[in-house]
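This report introduces a protein model to a reader who has not met it before. The sequence and structure are shown first, and the description follows.

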Amino acid sequence: MSIKVEDYFAPATFQRMKAFADQHETPFVVIDLKTISDAYDQLGKCFPFAKVYYAVKANPALEITELLRDKGSNFDIASIYELDKVMSTGVGPERISYGNTIKKARDIRYFYEKGVRLFATDSEADLRNIAKAAPGSKIYVRILTEGSTSADWPLSRKFGCNPDMALDLLILAKQLGLVPYGVSFHVGSQQRDIDVWDAAIAKVKVIFERLKSEDGITLQMINMGGGFPANYIQRTNDLETYAEEITRFLKEDFGDDLPEIILEPGRSLIANAGVLVSEVVLVARKSRTAVERWVYTDVGKFSGLIETMDEAIKFPIWTEKKGEMEEVVIAGPTCDSADIMYENYKYGLPLNLASGDRLYWLSTGAYTTSYSAVEFNGFPPLKAYYL
Ligand SMILES: Cc1ncc(COP(=O)(O)O)c(C=O)c1O
């Protein structure tokens, strides 16, 4: 299989990124901010009724948060550190949601003191902490959803609770003096099956109805999380198709008068803007007769490519070398045998690929820099340049 760059980048954009890359030593990721800006605009066109809360964890670089701040985005924040970073750019607390359901009481208090009033939860212990540390705040409860088999990077099992428990928590929120505000879900990152939103929205509808009819609680918001796709090897529907279908599901359940809708995109906004550039360190065979080559490169699982764990995310890899292709195992530079990116899924790279040649890992703008290890084997964290 050979990768065509034009399937992933407009030729002029890639040329600009490559010209920049040619001047810099590997490994690094280069990120095109215009691509992010366009992706944000496209999301707004596709979901004109939704408020966007950028999931900062996808890439917390100031270049990105400042760009999205200026475009009017809100921010989904996972920790006090992300909070400080985003607020240091002048973003006000009314544009922030504390979306992590796993948090210390003192961190809740920190958010509250900074002025944040919107909190996710999925457990009674956390809810009681919020009631004490952030009195009167708006609460949304995250529910468990299906879809873990069709998402390349599933999230659902660790977060969320059963809808019955969500009901209990929202009722308890009211009793504790909080505002039961809404329901959230995340169908799994890089979710390829659009229908899982249908099932999730239907669960939300039941919670809205039950609370209204049985407990006199009117919820106001649905937070549909992330899950929208980036362009990797395994193709997906385009965002327009996701939006058309998801809008239809929402209207089927809630009619034309939708509650407040929040989206928390990470991957789909950022990934397509990045190219990670690495250099081949060695090409080797394990025996005289081995058919398969091992390609060791100067970036790996510990320097930005952790999402290759279990070969979950299959990044498109392009090289300038042309010619006959042969199957390879692709591995990183560290002395750790877990540092193999692809072994089962057979990537093909040209037979004439040699030490010093460059590999271009496309669609690597999200979840690369933020996952990179600090000093494993002495290698520095992944460098990033923003164009
Ligand atoms: C609470 C929350 N919202 C949004 C996201 C972003 O999801 P995605 O990158 O699939 O857009 C994540 C990802 O982990 C998340 O945990």
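The model is predicted. Cys335 is exposed, because just 7 other C-beta atoms lie within 10 Å and a residue with 12 or fewer counts as exposed. Cys335 is found in the loop between β15 (325-331) and β16 (340-350). An unreviewed UniProt entry places the feature "active site" at Cys335.

**Domains**

The domain assignment divides the chain into domain 1, made up of 5-9 and 271-386, and domain 2, which covers 33-270. The C-alpha centres of domain 1 and domain 2 lie 32 Å apart. Their contact takes 18 residues from domain 1 and 21 residues from domain 2. On the side of domain 1 that touches domain 2, there are 11 nonpolar, 5 polar and 2 charged residues.

**Ligand surroundings**

Around the ligand there are 17 residues, of which Ala55, Ser189, Gly226, Gly266 and Arg267 come nearest. By class, this shell holds 5 nonpolar, 8 polar and 4 charged residues.

**Helix α3**

Helix α3 spans residues 62-70, and Ile64, Thr65 and Leu68 are buried in this helix. These three residues lie on the same side of α3, because they cover an arc of only 95° around the axis. In general, an α-helix has 3.6 residues a turn, so residues three or four places apart point the same way. The buried residues of α3 pack against α2 (33-46), β2 (50-55), α4 (80-87) and α10 (267-270). After α3 comes Gly72, whose phi is positive, near 95°.

**Backbone features in loops**

The peptide bond from Thr26 to Pro27 is cis, with omega near -5°. Pro27 is found in the loop between α1 (11-22) and β1 (28-31).

Two residues that are not glycine have a positive phi, as the table shows.

| Residue | Phi | C-beta neighbours inside 10 Å | Burial |
|---|---|---|---|
| Tyr367 | about 55° | 25 | buried |
| Asn377 | about 60° | 14 | partly exposed |

Tyr367 is placed in the loop between β17 (358-362) and β18 (383-386). Asn377 also has its place in the loop between β17 and β18. Why does Tyr367 count as buried? Tyr367 has 25 C-beta neighbours inside 10 Å, and a residue is buried if 20 or more lie within that distance. Asn377, with 14 such neighbours, counts as partly exposed.

Conventions: Residues numbered from 1 in each chain as written. Predicted model: local features only at pLDDT ≥ 70, side-chain atom pairs only at ≥ 80, totals over all residues. Near = placed C-beta within 6 Å. Nonpolar A, V, L, I, M, F, W, Y, C, P; charged D, E, K, R; others polar. UniProt positions renumbered as here; feature names shortened; annotations may be inferred. Helix = DSSP H or I, 4+ residues; strand = E, 2+ residues; numbered from the N terminus. Domains from an automatic or database assignment. Contact = placed C-beta atoms within 7 Å. Arc of directions from axis to C-beta.
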